[in-house]
Amino acid sequence: MVKKVTKKKVAPKKVAAKKPTKKVVAKKTAKKISPDAQAIESLVEIIRVTSTIIPNDVDRAIRKARGEEVSNTSASYAMDIMCDNIELAKTKSQPLCQDTGTVIFYIYHPPGFHQTPFIKLIHKAVTQSTKLGYLRQNSVDSLTGENAGTNLGAGHPSIHFVEHEKKELVVKLMLKGGGCENVSAQYSLPETTLGAGRDLAGVRKVILDAVVKAQGKGCGPGVLGVCVGGDRADSHAHAKRQLFRKLGERSKIKELAELEVEITETCNKLGIGPMGFGGKTTILDCLIDHRNRVPASFIVSVSYMCWAFRRQGATLDTKSFKLNKWLY
Amino acid sequence: MIELNYPFSQEAVRKLKVGDMVLITGKLFTGRDAVHKYLHEGNPSPVNLKNQIIYHCGPVVMKEKNGYKVTAAGPTTSIREEPYQWQVMRDHGIVGVIGKGGMGAKTLEACKEYGAVYFHAIGGAAQVLAEKITSVSNVYLEELGSPEAIWELNVEKFPVVVTMDSHGNSLHKDVEESSKANLKDLL
Ligand code: SF4
């Protein structure tokens, strides 16, 4: 069911490449606008930046991977096109990938924050970002196949609220493409066909299995978010949340940190390569965490993120909703 | 780098081999899940697809004063069309498919039998690929929703890699087999 959004003019004037290099957002003109209008403007800017600019940590990893491929191969050709695409999307302020993905918000707010009005503002920002072309008309009714063209509908956008003890509001956004979502996987250990038991050796086996099954279909080189344990629903959500960690940020648990490094090295010996063309880099990183489980089950979830890794975040002033600082 | 220019023909694509890097100049028709299902169900194509190339792509298209502008146009995962693709090759006489991720045995067989190839575009490279689209001449089946409609695109030097040819070769099959063998050694 799609709610009609009341037309309120909040034209986010031409937001020419504002963010990129600087971590601190330039103070805008002193024009007074209401907090609601400001919130929509800030949210649209977060959506624009997420959709069009690759985060710095991912950018570095991709450029490093490009250097490692043998020149004149289809793998290096693919990496060259990815790098050109990153540049072009940024200068043109246009989506990196035409699949602007499932729109997933995580909102970290101080105690006493009102969630319901903020959901309405997010909906308005999503609608506006769709009109502006930062998001494709990407939300389809699963039963009728209908596309309302607004990116609003049952469960869309996906919004999660988390209370924290800080004063500011933190808005994190991930645009998770469909191709890489389709190759994401979940296993219940023991997995006999793979000989994967209920230990980290078994976890390693199923992660590698997921990567081999994915081949190039998830637009690699990808990044893996992994959760060991949890129930099926929370396990996958938590695997996906790992993708909010910066690449290279190792787990604080020694065994998991070692597994992260080992998985990445092993995946890059498989020879799947960029786009599955064969080559050196199959994944850019692996980020693992864990959840408790009930004795009877041992779930492992693998969330695959494509090279067009779109996630951003920013802190907002809780009263004025002005953008303060970018997170990635 | 090989150049493939419009009008396309079976003869021209028969010459292509796995691994060839190709620049396509001419016309492409987008078609993804809804279109393939629609054609598979026996509905007539709203446009003659004989000797044409279908592009698995759901573009971001903006309406402008003098028509349409494609602002993002990367490939989508092709394997979803595996149940239908062979039939579209047989019944509509297309000579090529552009997509990502490769396709399966049925499509490979159809490529051989009906004289078609599978071109792999770089997934996610929406902007680079959109730059190669010079104009939009038409749109069909728009009622399926913008990403699902058939967009008739004019392209110049659109970069792709042949990953399945009309002689039974598939890079996807090869990489899958070798990576599985590698995994066995690494486990
Ligand atoms: S998997 Fe990622 S890069 Fe590939 S088409 Fe989907 S969103 Fe784009």
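These notes go through selected features of a predicted model, one point at a time.

1. **Strand E1 of chain A.** Start with E1(A), residues 102–109. Seven of its eight residues are buried, so the strand is largely enclosed by the rest of the structure. The cut-off for buried is a relative accessible area under 20%. In a regular strand, side chains alternate between the two faces of the sheet.

2. **Its antiparallel partner.** E1(A) pairs with strand E3 of chain A, residues 169–176. The pairing is antiparallel and has seven bridges. To find the register in the model, look at Ile107(A), whose bridge partner in E3(A) is Val171(A).

3. **Its parallel partner.** E1(A) also runs parallel to strand E2 of chain A, residues 158–163, with six bridges between the two. Here Phe105(A) is a useful marker: Ile159(A) is its bridge partner in E2(A). The connection from E1(A) to E2(A) passes through helix H4 of chain A, residues 115–131. This β-α-β crossover is right-handed.

4. **The cavity.** Rolling a probe the size of a water molecule over the atoms shows where empty space is left. How many cavities of 30 Å³ or more does a search of the whole structure find? The search finds one. The largest cavity holds about 40 Å³ of space. Its lining includes Gly101(A), Thr102(A) and Val103(A). Asn138(A), Ser139(A), Asn151(A), His156(A) and Pro157(A) line it too. By class, six lining residues are polar and two are nonpolar. None is charged. Thr102(A) and Val103(A) are lining residues, and both numbers fall in the range of E1(A), residues 102–109.

5. **Ser76 of chain A.** This residue lies in helix H3 of chain A, residues 74–92. Ser76(A) is buried, at 8% relative accessible area. That value counts as buried because the cut-off is under 20%. Setting aside residues up to four places away in sequence, Ser76(A) touches Glu69(A), Val70(A) and Ser71(A). Arg66(A) is ten residues from Ser76(A) in sequence, and their C-alpha atoms are 6.4 Å apart.

6. **His36 of chain B.** Is His36(B) buried or exposed? His36(B) is buried, with 0% relative accessibility. The residue sits in helix H2 of chain B, residues 33–40. Residues up to four places away in sequence aside, its contacts include Gly31(B), Ile54(B) and His56(B). His36(B) also touches Glu81(B), Tyr84(B), Gln85(B) and Val88(B).

7. **Helix H3 of chain B.** Three of those contacts, Tyr84(B), Gln85(B) and Val88(B), are also among the buried residues of H3(B), residues 82–92. The others listed as buried there are Glu82(B), Gln87(B), Met89(B) and His92(B). An α-helix has 3.6 residues a turn, so residues three or four places apart point the same way. What do the buried residues of H3(B) pack against? They pack against H2, strand E3 (53–55), strand E6 (96–99) and helix H4 (105–114) of chain B. Gly93(B) follows the helix, with a positive phi near 70 degrees.

8. **Two cis peptide bonds.** Check the bond from Gly220(A) to Pro221(A): it is cis, with omega near 5 degrees. Pro221(A) is in the loop between helix H6 (200–214) and strand E5 (222–228) of chain A. In chain B, a cis peptide bond joins Tyr6(B) and Pro7(B), with omega about -10 degrees. Pro7(B) is in the loop between strand E1 (2–5) and helix H1 (10–14) of chain B.

9. **Cys219 of chain A.** The loop between H6 and E5 of chain A also holds Cys219(A). Cys219(A) is not a glycine, yet its phi is positive, about 55 degrees. The residue is buried, at 6% relative accessibility.

10. **The H8–E6 loop of chain A.** Met275(A) lies between H8 and E6 of chain A. Its phi is near 60 degrees, a positive value in a residue other than glycine. Met275(A) is buried, with a relative accessible area of 1%. Gly273(A) belongs to the loop between helix H8 (254–267) and strand E6 (283–290) of chain A. Gly273(A) is buried as well, at 2% relative accessibility. Beyond neighbours within four places in sequence, Gly273(A) contacts Gly278(A), Gly279(A), Thr281(A) and Thr282(A). Asn147(A) is 126 residues from Gly273(A) along the chain, and 35 Å separates their C-alpha atoms.

Definitions and conventions: Residues are numbered from 1 along each chain as its sequence is written. Chains are lettered from A and ligands numbered from 1 in the order in which they are written. This is a predicted model: local features need pLDDT of at least 70, side-chain atom pairs count only at pLDDT 80 or more; totals for chains, interfaces and linings use all residues. Side-chain values use heavy atoms; hydrogens and water are left out. Buried means under 20% relative accessible area, exposed over 50%, partly exposed in between (1.4 Å probe, protein chains only). Helices (H or I, at least four residues) and strands (E, at least two) are DSSP runs, numbered from the N terminus. Two strands pair if DSSP finds at least two bridges between them. A crossover is right-handed if, with the strands pointing away from the viewer, the path from the first strand over the helix to the second runs clockwise. On a 1 Å grid over the protein atoms alone, a cavity is a set of points where a 1.4 Å probe fits but cannot get out, and a pocket is an open set with protein on both sides within 12 Å along at least five of seven lines; lining residues have an atom within 4 Å of a point. Grid points are joined across faces, edges and corners, and a volume is the space filled by probe spheres set on the points. Ala, Val, Leu, Ile, Met, Phe, Trp, Tyr, Cys and Pro count as nonpolar, Asp, Glu, Lys and Arg as charged, and the others, Gly among them, as polar. Contact means heavy atoms within 4.5 Å.
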